[in-house]
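Student: I've got this model open and I'd like to go through its packing and its strands with you. Can we take it piece by piece?

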Amino acid sequence: MKNALVGVGVLSALGAAGVVARVRGSRMAVPALVSPNANRVVVLGAGFGGMSAARTLATQKDGEDLDVLLVDRQNFHLFTPILYQVATGGVTPDNVAHPIRYVARNKGFRFQESTVERIDVENRQVHTDDGAIPYDYLVVALGSTTNFFGIDAVQEHSLTLKTLGDGIGIRNRVLDALERADVEQDPEARRALLTFVIVGAGYTGVELGSSLRDLLMTVLLKDYPTIRPEEIRVMLVEAVGRVMTGFDDSLVESATKTMREKGVEIRLNTPVNRVEPEGVYTADGEFIPSATVIWTAGVRANALIGDLPGQKGRDGRVSVNNCLQVEGHENIFVIGDSAAYVMPGDERPLPANAPIAIAAGKTAGKNVLHALRGEPLEPLKYRREGQLVALGRNNAVVELFGKVKVTGLLGWFMWRAVYFYKLTGVKNQLGVLLDWAFGLAGTRETNSLRTP
Ligand SMILES: Cc1cc2nc3c(=O)[nH]c(=O)nc-3n(C[C@H](O)[C@H](O)[C@H](O)COP(=O)(O)OP(=O)(O)OC[C@H]3O[C@@H](n4cnc5c(N)ncnc54)[C@H](O)[C@@H]3O)c2cc1C
């Protein structure tokens, strides 16, 4: 009783001090941190694009009365390039998540954890699950979602790899499949449990497939003596005639050979037209029994982009001009996976990737400041540096500046060096380094992360 009274006292003191407290979804108080005359810049999404925009705005403002508010449904920034390693036990989930409030405090912008529900362009406000947020300038960086291409029941019966929860979910499903196979006597059911199908052999599918095969064959088999190596199948099913569309031909050939040598079954020219709980149906009528189907076949813009004016592509991305504004709305900038930006001289929009989102975040941030100062805006500048795709243990394909091509162990070192360097936060860098060291010694995270 005494403890309860002390608790109530502390809570009232916090409330009186104007501390923000979220109790079962309701916001009790908002701190009066913002001057009433400030220009309100709202950045939606704390991924690669949004973090870059908020940082630029906060660090390059120069005496302007500016309130920079970053909004995201989660309070951490996710480092997606190594998310597949969370799914395959190579990296601890916490090590790919960086706290946004830490960055906000250090760089000088505000953060609000809310889910955006609607963008009301006419009234210049964003509706969230915590109420409406008015804006003078809006930077939209809400990223993309998995594209299921309207194919039957795919969403219901397959796993995806976009969020940290997805990464943990895949890891749990793989481990569950092995636990169930361990006690399963029926050969058909056992076959489905030990067949892992990844649909879509883009960069994510290739990295996930290679690493999953390594996890199963080099780590988990030792722990499940009832499972024979020949029972385990990892399949990469791709609709077109090659893996990693857009990557250099010779490197694609090398990657395909490496994966096949590793034992990944690659099915090219095999569109999938249905996914059921028992497995996958291909367009040519084949049924592949599988208890674990992971869909990495494509992305489309966040559905909230539909609220914005302007022309949208088939993938839902909205066209922006070379300064990243939505045509006819000079105070709205769209960046990253949500935007379709065509560089001068190009025919197709830039692809959806992290370096482009970061570059666009910088440009959008600077352009808001230019607009406030009455200066001319600047176009997006982006120079393609290269691409790196990991092929599991000790192997990767790397292409730099369209000229340098590296494969094998050296490629793997380069892959690790680049992503180690790009990881946000020293704590995460050291954590990943430790995870990788354990991985080299043959240990991965193999707990099903689930609380009863
Ligand atoms: C598994 C995987 C691997 C990848 N590997 C690479 C790679 O190796 N190299 C590379 O360059 N790119 C890679 N990418 C692509 C890269 O992650 C994206 O291109 C990049 O993140 C796009 O940045 P963005 O800011 O547009 O969106 P994101 O970084 O996706 O950020 C969007 C943010 O919006 C938030 N959000 C979404 N909806 C709402 C809502 N309704 N309310 C509030 N917040 C919301 C999300 O929580 C998220 O924080 C990978 C992507 C994935 C999924």
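Student: Leaving aside neighbours within four places in sequence, which residues is Met244 in contact with?
Tutor: Keep in mind that this is a predicted model. Met244 lies in the loop between strand 15 and helix 9, and at 0% relative accessibility it counts as buried. Once neighbours within four places are set aside, its contacts are Ala201, Gly202, Tyr203, Val206, Val252, Ala255, Val389 and Val397.

Student: What is the phi of Met244 near?
Tutor: Most residues other than glycine have a negative phi. Met244 isn't glycine, yet its phi is positive, near 50°.

Student: And where is Phe149 found, and what is its phi near?
Tutor: Phe149 is found in the loop between strand 12 (144-146) and helix 5 (154-157). With a relative accessible area of 49%, Phe149 is partly exposed. Its phi is positive too, near 55°.

Student: Which helix gives the largest share of the largest nonpolar core?
Tutor: That core has 65 residues, and Val174, Leu178, Val206, Leu216, Met244 and Trp415 touch the most other members. The largest share, eight residues, comes from helix 8 (residues 203-223).

Student: Which domains does this core draw at least three residues from?
Tutor: Two domains each supply at least three residues to this core. They are domain 1 (34-73 + 114-146 + 301-373) and domain 2 (154-297 + 386-440).

Student: How many residues are in the other core that lies apart from it?
Tutor: Val68, Val103, Val116 and Leu350 are among the members of that other core. Its count is 55 residues.

Student: On to the rings. How far apart in sequence are the parts tied together by Tyr203 and Phe247?
Tutor: Their rings are edge-to-face, 5.7 Å centre to centre with 75° between the planes. Tyr203 is partly exposed at 29% relative accessible area, whereas Phe247 is buried at 3%. Tyr203 lies in helix 8 and Phe247 in the loop between strand 15 (233-237) and helix 9 (249-262), so the parts the pair ties together are 44 residues apart.

Student: Which residue lies over the face of Trp436?
Tutor: Trp436 belongs to an aromatic cluster with Phe48, Phe79, Tyr84, Trp415 and Tyr419. At 4.3 Å from the ring centre of Trp436, the residue over its face is Arg416.

Student: And which ring has Arg274 over its face?
Tutor: Arg274 sits 4.1 Å from the centre of that ring. The ring belongs to Tyr281.

Student: Is strand 26 largely enclosed or open to the outside?
Tutor: Strand 26 covers residues 386-390, and four of its five residues are buried. So the rest of the structure leaves strand 26 largely enclosed.

Student: Which residue takes a positive phi in the hairpin of strand 26 and strand 27?
Tutor: Strand 26 runs antiparallel to strand 27 (residues 396-400), with five bridges joining them. Ala390 stands opposite Ala396. The hairpin has five residues between the strands, and the one with a positive phi, near 85°, is Gly392.

Student: Which strands are the edge strands of the six-strand open sheet?
Tutor: The order in this sheet is 7-4-3-11-24-23, with mixed pairing. An edge strand pairs on one side only, which here picks out strand 7 (110-113) and strand 23 (325-326).

Student: Which residue stands opposite Gln325?
Tutor: Two bridges join strand 23 to strand 24 (residues 329-334), and the two run antiparallel. Opposite Gln325, in strand 24, stands Phe333.

Terms used: Residues are numbered from 1 along each chain as its sequence is written. This is a predicted model: local features need pLDDT of at least 70, side-chain atom pairs count only at pLDDT 80 or more; totals for chains, interfaces and linings use all residues. Side-chain values use heavy atoms; hydrogens and water are left out. A nonpolar core is a set of buried Ala, Val, Leu, Ile, Met, Phe, Trp, Tyr and Cys residues joined through side-chain atoms within 4.5 Å. Buried means under 20% relative accessible area, exposed over 50%, partly exposed in between (1.4 Å probe, protein chains only). Domain bounds come from an automatic or database domain assignment. Contact means heavy atoms within 4.5 Å. Rings of Phe, Tyr and Trp (its six-membered ring) pair if their centres lie within 6.5 Å; planes under 30 degrees apart count as stacked, over 60 as edge-to-face and the rest as tilted. A charge sits over a ring if NZ of Lys or CZ of Arg is within 6 Å of the ring centre and within 35 degrees of the ring normal. Two strands pair if DSSP finds at least two bridges between them.
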